[in-house]
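Reader: Please take a close look at the surroundings of the ligand for me. Then lead me out into the rest of the chain, in short steps.

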Amino acid sequence: MRKKIVAGNWKMNNNKQETAELIESLKLLSFSTDVRVMIAPAHTHLVQAEKLTQGATIEVLAQNMNAAESGAYTGEISARMLQSININKVILGHSERRAYYNETDSVLKKKVETALRHDMEVVFCFGEELEERKKECHFEVVRTQLETALFGLKPSRWSKIILAYEPVWAIGTGETASPEQAQEMHAFIRGLISLKYDQNLADSVPILYGGSVKPANASAIFSQPDVDGGLIGGSALNVEDFASIIQSV
Ligand code: PEP
C-alpha cells in the first residue's frame, strides 16, 4: 500500500522569520499518520527548518542540488552539503529549473544519480507544456522525460524515488488538470514503469500530482486511484490552505 504524500514547494518565498512562523503554525496542526507531510523552504532556511521540525512529523526537503560532488560551481550546493545539515531529500526537475536554468533530462539524470548515490530521496518532477498537450503529444513527452532521466536506474534504486507529474500549463496558472486527466497520465506512467521493470515496482512508486492544487479541488484529484498526493506550490504558503489540502488526501 503506497503512503500518501503532500509536499509544499515554497520556491523563492519567505524570509527567515516568515519561514519560522509558517513552520510553527504547521506544527500546531495534527495530521493523520497515513500521510507524509513535506516542506521545501529556500536553501538559506534549511538549517532552521530542520531544527524547528525535529520531533514533528514534517519532513524537510531541498528544492534543488548540483550533480557534482564538489568543485568550481559558484552559487551551487551539493548532496554532501545538504546531508551535513541532515537534509536527505531533494526536489529535482521542477519545471522552473527546466525552463530558467536549462535543466535537461540528461542533466537531471546526473542529478538523480548523485542524489541516489548519497542515499537521498528524490521528488522527481516532470510534465508536458501547454503546446505539447494541445498537439496531443503529452504522453510521448512524459515517456521521454522518464526514459532519459530515470529508466537507467536499477530497480532497487526506485525505493527512493517519488514522482511528481506536473503539467507545466497548470503550474501557478490557476488552471488544473481535471481529476480524469491526472488519473489518465498517472496510470500511463505506472504502465511505463511496469513495462520497463515490473508491476510490483510500478505499484510501489508514489506518483504525486502538481499544478494549482487548492483546497477546493484537492479531494477530487487525490481520490483518483493512481494519484498518491500532491506537490503544492502557491497553496503551501498559506497554513490554512495547506492544512486543508493535507486533510483532503
Ligand atoms: C509547483 O510549483 O510545483 C506547483 C505545483 O505550483 P502551484 O501549486 O502554485 O501550481
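Author: First, a term: strands are DSSP runs of E with at least two residues, and helices are runs of H or I with at least four, both numbered from the N terminus. Keep in mind that this is a predicted model.

Start at the ligand. There are 14 residues around it. Those that come nearest are Lys 11, His 94, Glu 166, Gly 172 and Ser 212. By type, the shell divides into 8 polar, 4 nonpolar and 2 charged residues.

Now the contacts. His 94 uses its side chain: one of its polar atoms lies 2.8 Å from an oxygen atom of the ligand. Gly 172 uses its backbone, where a polar atom is 2.7 Å from a ligand oxygen. Gly 233 also uses its backbone: an N or O atom there lies 2.8 Å from an oxygen of the ligand. How much of the ligand does the protein cover? On its own, the ligand has 290 Å² of accessible area, and the protein covers 97% of this.

Stay with Ser 212, one of the residues that come nearest to the ligand. Ser 212 sits in the loop between strand S7 (207–210) and helix H10 (215–222). Is Ser 212 buried or exposed? Its relative accessible area is 9%. The cut-off for buried is under 20%, so Ser 212 counts as buried. Its backbone deserves a look too. Most residues other than glycine have a negative phi. Ser 212 is not a glycine, yet its phi is positive, about 55 degrees.

Glu 136 makes a good partner for study. Its phi is positive as well, about 60 degrees, and it is not a glycine either. Glu 136 also has its place in a loop, between helix H6 (130–134) and helix H7 (138–149). Its relative accessible area is 66%. Exposed means over 50%, so Glu 136 is exposed.

Go back to H10. Ser 219 is found in this helix. At 39% relative accessible area, Ser 219 is partly exposed. Pro 179 is 40 residues from Ser 219 along the chain, and their C-alpha atoms are 9.3 Å apart.

Next, the beginning of the chain. Asn 14 lies in the loop between strand S1 (4–9) and helix H1. With a relative accessible area of 23%, Asn 14 is partly exposed. Tyr 165 is 151 residues from Asn 14 along the chain, and 25 Å separates their C-alpha atoms.

Helix H1 follows, with 12 residues, 16–27. Does its length agree or disagree with the expected span? At 1.5 Å a residue, H1 should span 16 Å. Its end C-alpha atoms are 17 Å apart, which agrees. Which residues of H1 are buried? They are Thr 19, Ala 20, Leu 22, Ile 23 and Leu 26. Look down the axis of H1: the buried residues fall within an arc of 165 degrees, so they line one face of the helix.

Asp 34 comes in the loop between H1 and strand S2 (35–40). Asp 34 is exposed, at 56% relative accessible area. Lys 4 is 30 residues from Asp 34 along the chain, with 6.6 Å between the two C-alpha atoms.

Last, strand S2 itself. Ile 39 is found there. Its relative accessible area is 0%, so Ile 39 is buried. Glu 69 is 30 residues from Ile 39 along the chain, and their C-alpha atoms are separated by 24 Å. Set the two pairs side by side. Asp 34 and Lys 4 are 30 residues apart in sequence and 6.6 Å apart in space, while Ile 39 and Glu 69 have that sequence gap of 30 residues with 24 Å between them.

Terms used: Residues are numbered from 1 along each chain as its sequence is written. This is a predicted model: local features need pLDDT of at least 70, side-chain atom pairs count only at pLDDT 80 or more; totals for chains, interfaces and linings use all residues. Side-chain values use heavy atoms; hydrogens and water are left out. A residue is near a molecule or strand if one of its heavy atoms lies within 4 Å of it. A polar contact is a pair of N or O atoms within 3.5 Å; within protein, one must be able to donate a hydrogen and the other to accept it, and residues adjacent in sequence count only if both atoms are side-chain atoms. Accessible areas come from the Shrake-Rupley method with a 1.4 Å probe; for residues, only the protein chains shown count as cover. Ala, Val, Leu, Ile, Met, Phe, Trp, Tyr, Cys and Pro count as nonpolar, Asp, Glu, Lys and Arg as charged, and the others, Gly among them, as polar. The expected span of a helix is 1.5 Å times one less than its number of residues. Buried means under 20% relative accessible area, exposed over 50%, partly exposed in between (1.4 Å probe, protein chains only). The arc is that of the directions from the helix axis to the C-beta atoms.
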